[in-house]
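Hi,

Here's the structure I said I'd pass along. Have a look first, and my notes on what turned up are underneath.

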Protein chains: 2
Amino acid sequence: MPPPRPARIADVAAAAGVGVGTVSRVINGAANVRESTRATVQQAIERLGYRPSHLAVALSRGTPRAVAIVVPHLTSPSVVPRLAGALAVLSEQGYDSVVCNVDTPAQRDHHLAALTGRHRAAGVIVVSLRLSAAQAELFRRSGTPLVAIDMVIPGVPHTVTDDVAGGRMATGYLLSLGHRKIGFVGDTMRGAAAAGRLLLGFASSQRRLAGYRQALVAAGADQDPALVRRGPHGPANAEALAAGLLALPDPPTAIFAASDRQAIGVLAAADRGGVKVPGELSVMGFDDIESAALMGLSTIRQQLWESGAEGARRLCAVLRGDRVVPLRQQLSLEVVPRSSTAPVPGGRAARAAGHLATTSDSALTGIGPQDAGGHQ
Amino acid sequence: MPPPRPARIADVAAAAGVGVGTVSRVINGAANVRESTRATVQQAIERLGYRPSHLAVALSRGTPRAVAIVVPHLTSPSVVPRLAGALAVLSEQGYDSVVCNVDTPAQRDHHLAALTGRHRAAGVIVVSLRLSAAQAELFRRSGTPLVAIDMVIPGVPHTVTDDVAGGRMATGYLLSLGHRKIGFVGDTMRGAAAAGRLLLGFASSQRRLAGYRQALVAAGADQDPALVRRGPHGPANAEALAAGLLALPDPPTAIFAASDRQAIGVLAAADRGGVKVPGELSVMGFDDIESAALMGLSTIRQQLWESGAEGARRLCAVLRGDRVVPLRQQLSLEVVPRSSTAPVPGGRAARAAGHLATTSDSALTGIGPQDAGGHQ
DNA sequence: GCGCGGCATGGAACCGGTTCCATGACGAAC
DNA sequence: GTTCGTCATGGAACCGGTTCCATGCCGCGC
């Protein structure tokens, strides 16, 4: 039988007539090896078809060459680009990426506990997941480097966006089109928890709502509590919420949904109710997931792919031993006008629309409790 | 400092006053350990906060507890559910899942070569990716178990669907609604390769086209080559292709797109051209991705999540040492009628629509070169 | 009372690398 | 010619578990 037993480093050493240390140096490209020796060893490696054991290397070096990424609700469209961005960077840096998908709190706790185990992962990236103090402490004590994406964890490098500013931008854009009665559709914590879903999106929904309110206040526009509808996450629920808004005696002329998925539910409600978009109703989403472009949905673009890539880059920096400062990294947002928004029927305004369309309004961005930083 | 050095098994043994072998037995729940000893060791483990080294365990046992999943174009909506299904099963079975996203042939080759390395992965799942003979041979020789999803690889367990039958079902459904001029929009290999994209979707597009043709022949319907349009993958391209169909002097009353993403492009073209769906044009997709439901797109449902889960289950079976027979596992398809299809305007027919709507037509399924098997 | 089987146990060998230290050869400087 | 430094090299120790084998103790049967 040709491959009775895979060759190990000692076999190569014997075949090349050298010591194991020399073979190791050749493999790792160490400097102090005579050229002729290197060639001899190289030949022996090829002749025996030798491949180093990934496990043995990792064990000797004392650290696995794999990082784990914990994501909630993998099927949710906004997390996929984040994951893809992280995978691209990690792959390029030579790391294996262990992906942990999490749909329930139990799964989250299970994976987080497991990942703090010894020699489990060189580092961990968590996406959109809140950690309990105990869990964060577990990471600290186990010495497993941690970075967060779309979630603030004290003492941990995190890559986020300013959702409050985003809420202001979306609402400000609608205001600039002349809309004054602007509805909001988003999700609640309570409903989300009751449905067994994690807090994915909740925190951001809450902050985007805050931005919505700030923009309305700043513009002196109508702030009718009846125009704010919140319920469990998901397009189907959003559709029901939007239907409620459209059934009002004096319905809004525009709706800002806290996410593109929910905005798609709003579009469905409009379609079902015979309300023309954007003729009678403007709809604004958030995230700029792939479907948004396909459906012509106006939205706030969030750098999803880039957020994953940046998180991964920062983790790699930590793994190299670099200090990552500042901990907070904030990616910018951008208004993306498409065909779901239009000036309010019969209204004036729409003067600043062209301006707002292609860049984030720095004046608006500057308002509020959160800093509006750039990259790094 | 409290944690100067993580405890290892020898420390536990010393603390408990036993040998390392005994500690190992306690950890792994071996039978021959006196109860009092077990308790002592257990206490020592907890007192020292001992956690076994994942790497050392894997190295000793001779196999990593991780499997790799190679997927093309992670951002493509149809692969995400497949991945999620596989992750769910693997996680439940206690495996780490290393995800390799592949966007170019070079990346594919790189990952496949790496994964055959020694102690790299306990097994590998490839999704929608063709392997060269050399690559398949590499897996065989390296002894790395391999299973395929949505791709036939000789000698390797694979979980697939009958795309030809699916093409027949989609076209047959449109025929049952009375449509006779039915267009096809799909992708080509040439265009895909030119764009640097992999063969993702191409092979299935080709087979779905074959089913389309079979159904037309069987129904004695119009088979105009001008109604078949193929180009690079992606909704934007599909939109252009569909626009071409709609601009024909005698345009089709229905279009079958080889995938939901392309169908969404068709919908966009209809929208842009002022063609009412389903009033003037019926549109049929394939896959049943999440967006399809949101947009009311009629489609052929493929069990995407389940395909990933089944592939993972079969890999686990191989890893347990079970023989997996037969190699081919075929998942069923289903017509999902939504609001993008309607009886042809002014037509009779639509008699069998209700029937076809909820179940695959077994008569149609039986035709053609491929077997129509069930699960397992 | 003695021999034997079985069970709990200790510990060495092993998984397959990396790394550090000791060694020997060689050239340069004195 | 001798000594010292440098460089290539061999090989043992180590990473942290699992596993197998030898050992000792015990109880049982004769």
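DNA strand D has 29 residues around it, and the closest ones come from both chains: A:Thr22, A:Thr37, A:Arg118, B:Ser24 and B:Ser60. Bear in mind while reading that this is a predicted model, so every distance below is computed from it.

What does the protein touch on strand D, backbone or bases? Of the DNA strand D atoms within 4 Å of the protein, 69% are sugar or phosphate, and the rest belong to bases. On the phosphate side, a side-chain N or O atom of B:Arg8 sits 3.1 Å from a phosphate oxygen, and B:Ser53 puts a backbone N or O atom 3.2 Å from a phosphate oxygen of that strand. For the bases, look at B:Ser60: a polar atom of its side chain is 2.6 Å from a base nitrogen of DNA strand D. As for secondary structure, α2 (20-27) and α4 (54-61) of chain A, along with α2 (20-27) and α4 of chain B, each give at least two residues to the surface near strand D. By class, that surface has nine nonpolar, 13 polar and seven charged residues.

Now the other strand. DNA strand C is surrounded by 29 residues, with A:Ser24, B:Gly19, B:Thr22, B:Thr37 and B:Arg118 the closest. Sugar and phosphate make up 68% of the strand C atoms that come within 4 Å of the protein. Two backbone contacts to phosphate are worth pulling up in your viewer: a polar backbone atom of A:Ile9 is 2.7 Å from a phosphate oxygen of DNA strand C, and one of A:Ser53 is 3.3 Å from a phosphate oxygen of that strand. There is a base contact here too, where a polar side-chain atom of B:Arg25 lies 2.8 Å from a base oxygen of DNA strand C. The elements giving two or more residues to the surface near strand C are α2 and α4 of chain A and α2 and α4 of chain B. Its make-up is nine nonpolar, 13 polar and seven charged residues.

On to the protein-protein side. Chain B has 39 residues in contact with 39 residues of chain A. The two chains bury about 3500 Å² between them, with 62% of that on carbon and sulfur atoms. Within chain B, the residues that lose the most area to chain A are B:Arg51, B:Leu55 and B:Arg118, together 19% of what that side buries.

How many salt bridges cross the interface of chain B and chain A? The rule finds four. A:Glu290 and B:Arg261 form a salt bridge through their side chains, at 2.3 Å from N to O. There are also 19 residue pairs in polar contact between chain B and chain A. On chain B, α4 (54-61), α5 (79-92), β2 (96-102), α6 (105-115), α12 (260-273) and α13 (290-295) each supply at least two residues of the side touching chain A. That side has 21 nonpolar, 12 polar and six charged residues.

Last bit: symmetry. Chain B superposes on chain A with a rotation of 180 degrees and 0.1 Å of shift along the axis, at an RMSD of 0.1 Å. That is the relation of a two-fold axis. In chain B, B:Val98 has the C-alpha nearest the axis, 2.1 Å from it. And 100% of the interface residues of chain B are also interface residues in chain A, so the copies meet through the same surface.

Cheers

Definitions and conventions:
Residues are numbered from 1 along each chain as its sequence is written. Chains are lettered from A and ligands numbered from 1 in the order in which they are written. This is a predicted model: local features need pLDDT of at least 70, side-chain atom pairs count only at pLDDT 80 or more; totals for chains, interfaces and linings use all residues. Side-chain values use heavy atoms; hydrogens and water are left out. Contact means heavy atoms within 4.5 Å. Buried area is the accessible area (1.4 Å probe) that two parts lose on being put together, summed over both. A polar contact is a pair of N or O atoms within 3.5 Å; within protein, one must be able to donate a hydrogen and the other to accept it, and residues adjacent in sequence count only if both atoms are side-chain atoms. Helices (H or I, at least four residues) and strands (E, at least two) are DSSP runs, numbered from the N terminus. Ala, Val, Leu, Ile, Met, Phe, Trp, Tyr, Cys and Pro count as nonpolar, Asp, Glu, Lys and Arg as charged, and the others, Gly among them, as polar. A residue is near a molecule or strand if one of its heavy atoms lies within 4 Å of it. Copies are superposed by least squares on the C-alpha atoms of residues with pLDDT of at least 70 in both.
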